[in-house]
Amino acid sequence: MKYITDANGTKLFCKDWGEGRPVVLIHGWPLNSDSWEYQAVRLAENGYRVIAYDRRGFGRSVQTWDGYDYDTMADDLASVMNQLELKDAAIIGFSMGGGEVSRYMSRHGGKRVKQAGLISSVAPYMLKTDDNPDGVEEKVFDDIKNGLREDRPNFLKGFFQDFYGNGTEGGGVSDEIIEWSMMMALQGSPKATLDCVDAFGKTDFRSDMDAFDVPTLVIHGTADQTVPIETSGQAAADMIKNSIFNKYEGAPHGLTATHKDQLTDDLLDFLKQ
């Protein structure tokens, strides 16, 4: 475990496990790199070098006051890629992390990248607009921020019920997974947690999709209530030329836990291609 320091001195906590071709795992909101636990261990056991870092403001990384826009966060990813001198890497983003993957591919030209993955990703565009009619109403994101400001622990407890699809046929996790997720979320900066709602909810990645010139795996649950498949996974798969689209029937948003083995198997199959 180590820290990566970007050009402005921001320190990012980074795990670097195993040996082999590098796989960079970028976590979702409002979690940290620990949320990749199941995938990270198995990927490293199967001969890959697994890098997972905490986004600025979350986990053990520095809690900056600003910088929670995707240009800056893609630059943070570039710092990780460059300082670790990664080559022929696979960059895999879950949920909000799909935004870093998308912006990195366009802003940094996909440097050092051989494969990409978008898992339950927010890309290409979540916000409902006249030219994105299947998107999410802006009020949803405003309500999230209001809930965070009013009672962040209480809001997050309810949020994770939907995140993991508890009470649904295709989802559900233990109470302990919910508690673990709460611990990760509450470790994050409240400012970062608020600012990132606007980042993942209102950033338009549609123009970034043309930059995906490597094989790209898109995975999304058909019952995702957090990031609806129509405006995200399906749209991304349609726009990315070299994409493989795996739909998980009845699966919720939090695939890293609810479908941990299926997801890891699919990642391993993809990485071998």
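Here is a quick tour of this chain, from its overall build to its inner spaces and a few unusual backbone spots.

What you see is a predicted model, where local features need pLDDT of at least 70 and side-chain atom pairs count only at pLDDT 80 or more, while totals for chains, interfaces and linings use all residues. Residues are numbered from 1 along each chain as its sequence is written, and side-chain values use heavy atoms, with hydrogens and water left out. The chain carries 9 helices and 8 strands; helices (H or I, at least four residues) and strands (E, at least two) are DSSP runs, numbered from the N terminus.

**Overall build**

- Along the principal axes, the C-alpha atoms fit a box of roughly 45 × 40 × 35 Å.
- The radius of gyration is 17 Å, which agrees with the value near 19 Å for a compact globule of 273 residues. It is taken over C-alpha atoms, and the globule rule is 2.2 Å times the number of residues to the power 0.38.
- Of the 273 residues, 59% are buried (buried means under 20% relative accessible area, exposed over 50%, partly exposed in between, with a 1.4 Å probe and protein chains only).
- Take the contacts between residues at least 6 apart in sequence: 78% of them join residues at least 24 apart. A contact here means heavy atoms within 4.5 Å.
- The accessible surface comes to about 11,100 Å², and carbon and sulfur atoms hold 44% of that. These areas come from the Shrake-Rupley method with a 1.4 Å probe; for residues, only the protein chains shown count as cover.

**The largest pocket**

- About 310 Å³ of space lies in the largest pocket. On a 1 Å grid over the protein atoms alone, a pocket is an open set of points with protein on both sides within 12 Å along at least five of seven lines, whereas a cavity is a set where a 1.4 Å probe fits but cannot get out; lining residues have an atom within 4 Å of a point.
- Grid points are joined across faces, edges and corners, and a volume is the space filled by probe spheres set on the points.
- The lining has 19 residues, with Val140, Ile144, Phe159, Gln225 and Thr226 nearest the centre.
- Helix 4 (residues 138-163) is the top contributor to this lining, giving 7 residues.
- By class, the pocket lining splits into 14 nonpolar, 4 polar and 1 charged (Ala, Val, Leu, Ile, Met, Phe, Trp, Tyr, Cys and Pro count as nonpolar, Asp, Glu, Lys and Arg as charged, and the others, Gly among them, as polar).

**The cavity**

- Searching the whole structure turns up 1 cavity of 30 Å³ or more, and the volume of the largest is about 30 Å³.
- Its lining includes Leu31, Tyr38, Tyr164 and Trp180.
- Helix 5 (175-187) and helix 8 (255-258) are the elements that give two or more residues to this lining, and helix 5 has the largest share, with 3.
- The cavity lining has 6 nonpolar residues, 3 polar and no charged.

**Backbone oddities**

- Trp29 and Pro30 are joined by a cis peptide bond, with omega about -5°; Pro30 sits in the loop between strand 3 (21-26) and helix 1 (37-45).
- Another cis bond runs from Ala123 to Pro124, with omega near 10°.
- Pro124 lies in the loop between strand 6 (113-119) and helix 4, and Ser120 is found in the loop between strand 6 and helix 4 too.
- Ser120 is not a glycine, yet its phi is positive, near 50°. With a relative accessible area of 0%, Ser120 is buried.
- Ser95 also has a positive phi without being a glycine, at about 55°. It belongs to the loop between strand 5 (89-94) and helix 3 (97-107), and counts as buried at 5% relative accessibility.
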